[in-house]
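Please look over this model with me. My points follow, starting with the ligand site.

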Amino acid sequence: MLNLYRRTVLGIAGLPGVEGVARRYGWRFGVGRFVAGETVAAARPALRALVDEGRATIVDVLGEYVRDEAAARAMAASVATTIATLADAGLPAVVSVKPTQLGLGIDPALALELASDLARAAEARGGRLCLDMEDHRFVDATLDLLAGVRAAGAPRASTVLQAYLHRTPDDLVALLAASPPGAEVRIVKGAYHEPAEVALTAMSEVRRAFLSACETAWRGGAKVNVATHDEGLIAEATAFARGAGLGQERYELQLLYGVKPALQRRLAAAGHPVRIYVPLGVDWYGYFSRRLAERPANVAVVLRGLFR
Ligand SMILES: Cc1cc2nc3c(=O)[nH]c(=O)nc-3n(C[C@H](O)[C@H](O)[C@H](O)COP(=O)(O)OP(=O)(O)OC[C@H]3O[C@@H](n4cnc5c(N)ncnc54)[C@H](O)[C@@H]3O)c2cc1C
């Protein structure tokens, strides 16, 4: 049922004309609940508040699927400015990027050049770069990109594996073998609408695969970024980590800005390392559509905005 809902919302979001209307009315649609601002300056108070309350942050300068080199370079320049602004403000210079926003879909060599520059810049300011994982067509290229970025002098760069993909257990084993001890990997359920040939469709199976990936990554010596709002999974993953005697340097709970803020506070107050993924920027449409697709109640946020 949720799959049908997700397919419908993402289908409507892709219809001609819908994006234009959404962009025109932007913040009125409730975008501000999930996106901290259109610029790093606008997002700064929200970032500061999270850090002051004991939650770390990872910033995503929104964008995906650029079509030419100039757009990829402009995106990279904007991420570079964000890294510098965050570090100057004493905020974590930890950023996440979508590989296709750096041109992975048009020229892997260009994406490697831009991602390596950004990852080195972040590490020079005490931070790091994570490569988000997009739809299944980009998994091989993203894993290759990560290897290239690390080899180019950014050993703390990391990526994401999606529990719903059939290939993820094999990818995880290969990634662990190629990673330095303690390297980070983010585990998520997966946010894209994928065909059954490549992805699990039953939520019970995705949840099992999620936990199994976390456990394999921990056994392989990784730091696991457990990225979910699923309280059952968070409880089971943290119980496993505790049972295995893993310290705080071996895990982090990651949640999205604006999603379950009370849970975020509770987890931090319970002493877990918590990091909030904070999107910002003008290119919020794809990200916002996926958040609506995750939860029917979020559509009510949009409808309330329309009739306000
Ligand atoms: C830090 C972080 C980084 C991510 N990076 C990636 C990535 O690189 N690639 C990728 O494919 N996916 C990524 N995702 C998204 C992920 O794949 C899931 O689509 C998303 O987390 C929803 O699944 P869930 O695990 O929270 O569980 P769900 O079963 O979807 O949700 C669990 C509970 O949280 C609530 N909830 C979930 N989403 C929302 C929402 N939007 N608004 C309000 N309540 C909500 C649900 O109602 C439910 O109660 C990331 C997620 C996080 C938290």
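1. β7 (251-256) gives the most to the shell around the ligand, 3 residues. β4 (158-162) and α11 (285-294) each supply at least two. Helices (H or I, at least four residues) and strands (E, at least two) are DSSP runs, numbered from the N terminus.

2. The model is predicted: local features need pLDDT of at least 70, side-chain atom pairs count only at pLDDT 80 or more, and totals for chains, interfaces and linings use all residues. Residues are numbered from 1 along each chain as its sequence is written.

3. There are 23 residues around the ligand (C-beta atom, placed from the backbone, within 6 Å of it). D132, V188, A191, T228 and H229 come nearest.

4. Which domains line the ligand? At least three shell residues come from each of domain 1 (1-34 + 293-308) and domain 2 (38-283). The bounds come from an automatic or database domain assignment.

5. The C-alpha centres of domain 1 and domain 2 lie 24 Å apart. Across the boundary, 6 residues of domain 1 are in contact with 5 of domain 2. Contact requires C-beta atoms, placed from the backbone, within 7 Å.

6. The largest nonpolar core has 87 residues. Such a core joins buried Ala, Val, Leu, Ile, Met, Phe, Trp, Tyr and Cys residues through C-beta atoms within 7 Å; buried means 20 or more other C-beta atoms within 10 Å of the residue's own, with C-beta atoms placed from the backbone. Helix α5 (residues 108-124) provides the largest share, 8 residues.

7. V278 is among the core residues with the most contacts inside it. Leaving out residues up to four places away in sequence, V278 touches A36, A43, A46, L47, T57, I58, V59, D60 and Y257.

Key
A residue is buried if 20 or more other C-beta atoms lie within 10 Å of its own, exposed if 12 or fewer, and partly exposed in between; C-beta atoms are placed from the backbone. Two residues are in contact if their C-beta atoms, placed from the backbone, lie within 7 Å.
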